[in-house]
Each structure stands twice: as C-alpha cells, then as structure tokens.
Amino acid sequence: MARRIDHLVVGVRDLDTAAAFYARLGFQVGARNRHPWGTANRLIQFGTSFLELITVGDDPAAIPAHAPRRFSFGAFVRDALERREGISMLVLDSRDAAADAERFGAAGIGDFEPFFFQRRGRRPDGGEMEVAFTLAFATDPAAPQAGFFVCEQHRPENFWNTVFQHHPNGARDIAAVRLAAPEPAAHLGFLRTFAGVAETSGHDTAVPLDGGRIELVAGPAPARFAGFAVRVPDLLYVAERLRSEGIAFDMEGGRLLVAADAAFGTAIRFETA
C-alpha cells in the first residue's frame with residue numbers, strides 16, 4: 001500500500017517572519033520548538049500531515065556532521081538553506097522505521113541507521129507532553145539536493161491534536177508536493193520504491209500516495225522540491241482573505257497559487273477537497 005505524506009520540511013532563514021506570513025495566509029502556526037542538533041521549527045498541523053517550518057537555531061555548532069551510515073538532519077537543513085529557502089525534504093509515514101531502513105538498504109536507495117529522538121511539547125491547554133519519532137532516510141542520487149525519509153510516530157496520541165488543526169483558511173491536509181527536474185521521468189523509479197507504489201505503464205507525471213501525490217514537472221537542474229498543495233473547502237474564501245492581507249496570487253484552472261518568490265521560496269497552491 002502506498003504511503004501518505006507525513007510532513008514537508010520547509011527551510012526558512014527567519015522562522016518567526018515566515019510563521020507570520022503563513023498566519024496571514026490563514027494557517028494556524030504552532031510555537032517554536034528547539035532541537036538538540038541545532039535547528040528550530042514551528043509546525044502547521046492538518047488532519048494527517050503537517051508542514052515543518054525550520055531554520056538553523058542559535059547554536060549552529062551543535063549541528064552534527066554527516067558520518068558513515070548516519071544522516072545528519074541538521075546538516076542537510078543548514079546546507080539547503082545556504083543555497084536557498086524552500087522545501088528541502090519530503091517525509092512519508094512509517095509503521096516500522098527500522099524495518100523501512102532495512103528495506104531501503106536492500107533496494108539500494110539508502111544505507112543509514114534509523115534515527116530515534118524525542119522531545120517535550122505543550123498541549124493546547126499548556127500542559128507538557130512527550131513526542132517521539134524514529135526516522136529512516138533514503139537518497140535519490142539524481143536529486144542530491146532533495147531529501148527523503150519516513151517517520152514513525154511512537155506517541156501519535158500526544159502529537160496529533162484537533163485543536164491545532166483548525167485553520168482560518170479551512171485547510172485540511174497536504175494534497176501534493178511537486179518535484180521539478182530536468183528529466184522528471186528519471187526520478188520515477190526511486191520515488192515509487194520510496195513510496196511503496198507499484199510500477200505502472202505509460203508516462204506518469206505523478207506518483208500516487210495514500211490521500212495525496214508527488215507531482216513531477218520539468219524544471220532546471222538540480223532537481224528540487226518546488227512547492228506543495230493543500231486542500232481547502234472554499235477557494236473564493238481563501239482568495240478574499242489573501243486580498244485583504246495584500247498577498248498576490250493567481251487563479252489557474254480552479255486552483256489558487258501563491259508564487260514561490262512571494263512565499264519564502266515555496267510555491268503554495270490551494271485546491272478544493
């Protein structure tokens with residue numbers, strides 16, 4: 001069965017300024033969290049997926065270097081931000097990240113040890129709780145600037161909370177992520193293996209996921225993530241909100257698009273559920 005989008009890692013150089021922009025778009029943005037490996041984030045949670053706005057924290061020296069069989073999440077985020085802002089990593093869900101790491105190794109798309117971490121968080125009522133995750137990383141040699149991993153949530157009852165999922169713009173979930181590359185078809189094999197999707201015939205322009213999709217489009221080298229789409233119930237309502245906030249957008253074929261150069265390097269598309 002195909003995996004679903006767990007979250008997208010969206011690198012920004014000024015975390016609070018980016019969070020304020022996403023709030024103007026109509027998203028509810030969570031509080032700042034700090035990681036012991038030198039990054040900081042703020043989350044935008046939906047029904048089954050979330051956006052991770054992330055930046056290098058106050059102590060860049062805490063970022064560990066890559067090592068044999070060890071993928072440094074912090075170093076990848078830092079290096080991506082040195083190049084540009086925008087989506088740097090696609091994360092799919094996992095029921096058993098350790099087993100997925102073995103599968104990725106057997107398939108020749110990853111040779112990394114699983115990475116476990118936990119942190120404290122706060123509930124909407126202010127009470128503390130603990131969340132924990134195990135990650136398994138994969139790599140597409142044809143897209144070295146695009147990161148891929150799966151995430152197993154060990155305490156999902158603490159992480160997912162309907163209070164965090166109510167957004168003024170009505171957003172319900174991430175519908176798609178877009179990978180732009182000089183030869184989009186060159187990435188199909190990797191993406192199908194990573195996502196657990198069987199090969200299909202024809203010239204595919206998307207990899208179907210559980211409740212979403214990875215879109216493949218032509219673009220300049222190197223291959224990179226160009227943007228994402230979220231589902232909303234009413235595009236006209238979103239359009240009116242953006243006009244009131246002075247945010248430029250285009251309407252294309254029943255979809256509303258905020259261009260990447262206006263949104264910290266990430267094209268944001270709203271589409272109806």
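Buried means under 20% relative accessible area, exposed over 50%, partly exposed in between (1.4 Å probe, protein chains only). This is a predicted model, where local features need pLDDT of at least 70 and side-chain atom pairs count only at pLDDT 80 or more. Residues are numbered from 1 along each chain, and side-chain values use heavy atoms.

**Exercise 1.** Work out how the rings of Phe159 and Trp160 pair, and whether these residues are buried or exposed.

*Solution.* Start with the rule: rings of Phe, Tyr and Trp (its six-membered ring) pair if their centres lie within 6.5 Å, with planes under 30 degrees apart stacked, over 60 edge-to-face and the rest tilted. Next, Phe50 and Phe159 sit 5.0 Å centre to centre with 50° between the planes, a tilted pair. Now for Trp160: its ring centre is 4.9 Å from that of Phe159 and the planes make 85°, so this pair is edge-to-face. Last step: Phe159 and Trp160 are both buried, and Phe50 is buried along with Phe159.

**Exercise 2.** Find the edge strands of the seven-stranded open sheet, then the way β9 and β11 pair.

*Solution.* First, the terms: strands (E, at least two residues) and helices (H or I, at least four) are DSSP runs numbered from the N terminus, and two strands pair if DSSP finds at least two bridges between them. Read off the order, β10-β11-β9-β12-β15-β14-β13, with mixed pairing. The edges are β10 (206-209) and β13 (250-252), each pairing on one side only. Then look inside: β9 (residues 173-181) and β11 (residues 212-218) run parallel over six bridges, and Leu179 stands opposite Leu216 in β11.
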